[in-house]
Amino acid sequence: MPTPHTEKALVWFRRDLRDFDHAALSHALQSARQVYCAFVFDTDILGKLVDKADRRVEFIWESVRELKHALQDKGGDLIVLHGPARTEIPALAKRLDVGAVHANRDYESPAALRDAAVATSLTSDGISFHLHKDQIIFESEQILTAEGNPYRVFTPYQRAWLKRLTAEDMAPLPVAAHASSLARPAFPTPLPSLQAIGFERTNLPRLMPTGMSGAAQLFKNFQERIDDYHATRDYPATKGPSYLSVHLRFGTISVRSVVGYAWQIGGRGAETWLNELIWREFY
C-alpha cells in the first residue's frame with residue numbers, strides 16, 4: 001500500500017544504522033517534501049545495562065556518528081536524543097510539526113510494546129506512524145504452511161522461503177535519488193559523547209570495525225572467502241566466519257544486499273551462508 005503524502009516527515013532510526021537501501025527512509029523521502037532523521041539512545045534500554053564499558057553501546061555510538069556525517073553530506077542531519085524513546089519521539093515529532101513518523105519494524109516484544117506506546121502518542125497528536133519491513137526478507141505471515149500456519153520445522157520453512165524468493169525481494173530501496181528531500185532542523189543537533197550517555201570506551205576498535213564503512217570492509221573481505229565458508233566456518237583458528245552478525249543486527253549493512261549476493265553467486269559456501277541467513281528469519 002502506498003504511503004500517504006505529507007509535507008514533513010520524521011524517520012526514526014533504530015536497528016538500521018545506514019543511509020542506503022533503507023525501507024523507512026526510502027518511503028519517507030518519496031512521500032514527504034521535507035524529511036528529518038532521528039536516533040534515540042533509549043534510557044529504558046541503556047538503564048538496564050550494569051557494565052558501562054559495553055561494546056554494544058560503543059558500536060552503536062560509533063555507527064550513529066558515521067550515519068550522522070553521511071546524512072549531513074546528503075544535505076540532511078541526524079537528531080540524536082538521549083532519553084525514553086516512547087516519549088522522546090512523539091515530542092520531537094510535535095516539535096518538528098511533522099505529519100508522519102516512519103520506522104523499520106522491530107520484532108522483539110519490548111520493542112513492539114514501545115512502538116505501540118509511541119503510536120498511541122503520535123495518533124493523539126494527529127501524526128501517523130508507519131512501520132516498514134527492513135530487517136528481513138520475509139515476515140512471518142509471508143511464509144506459511146499449506147494450512148496457513150507458521151512453520152515449526154526449519155527445513156520445510158527453508159524450502160518454502162527459497163521457493164518464494166525473487167529478484168524483486170532483494171532489490172535495493174532507493175534513497176540517494178530522493179535525497180533532496182532531506183531536511184535539517186532549525187535547532188542545534190550535537191552528538192552527545194559516549195561519556196555523556198553514561199558509558200565508557202572499550203577495546204572495541206581492536207576487535208571490530210563499526211558503522212557502514214566497517215560493514216562494507218568486512219563484507220568485501222568475506223566475498224574473497226565465501227567459497228570455502230562451508231568448510232571453514234566451524235574452526236576458531238581459521239578466518240572462516242563473515243563477522244557480519246553484529247552489523248546485520250544493527251543494520252549497518254542491508255540484508256537484501258547480502259542475501260542477493262549469496263543467492264547470485266551460488267556454490268556450497270554461499271549456499272551454506274544463505275541457509276544461515278534464512279535461519280535468522282526462521283528464528
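This passage looks at the two largest pockets in a predicted model.

Residues are numbered from 1 along each chain as its sequence is written. Because the model is predicted, local features need pLDDT of at least 70 and side-chain atom pairs count only at pLDDT 80 or more, while totals for chains, interfaces and linings use all residues.

The largest pocket holds about 960 Å³ of space. Here a pocket is an open set of points, on a 1 Å grid over the protein atoms alone, where a 1.4 Å probe fits, with protein on both sides within 12 Å along at least five of seven lines; its volume is the space filled by probe spheres set on those points, joined across faces, edges and corners. Some 33 residues line the largest pocket (each with an atom within 4 Å of a point), and Ile136, Trp279, Arg280, Glu281 and Tyr283 sit nearest its centre. Two or more lining residues come from each of α10 (245-249) and α12 (268-282), with α12 giving the most, seven. Helices (H or I, at least four residues) and strands (E, at least two) are DSSP runs, numbered from the N terminus. By class, this lining has 19 nonpolar, four polar and ten charged residues (Ala, Val, Leu, Ile, Met, Phe, Trp, Tyr, Cys and Pro are nonpolar; Asp, Glu, Lys and Arg charged; the others, Gly among them, polar).

Next comes the second largest pocket, at about 730 Å³. Its lining has 26 residues, with Arg15, Asp42, Ile45, Leu46 and Arg114 closest to the centre. Strand β2 (32-42) is among the elements supplying at least two of them, and β2 has the largest share, four residues. This lining splits into 14 nonpolar, no polar and twelve charged residues.

Methods: Side-chain values use heavy atoms; hydrogens and water are left out.
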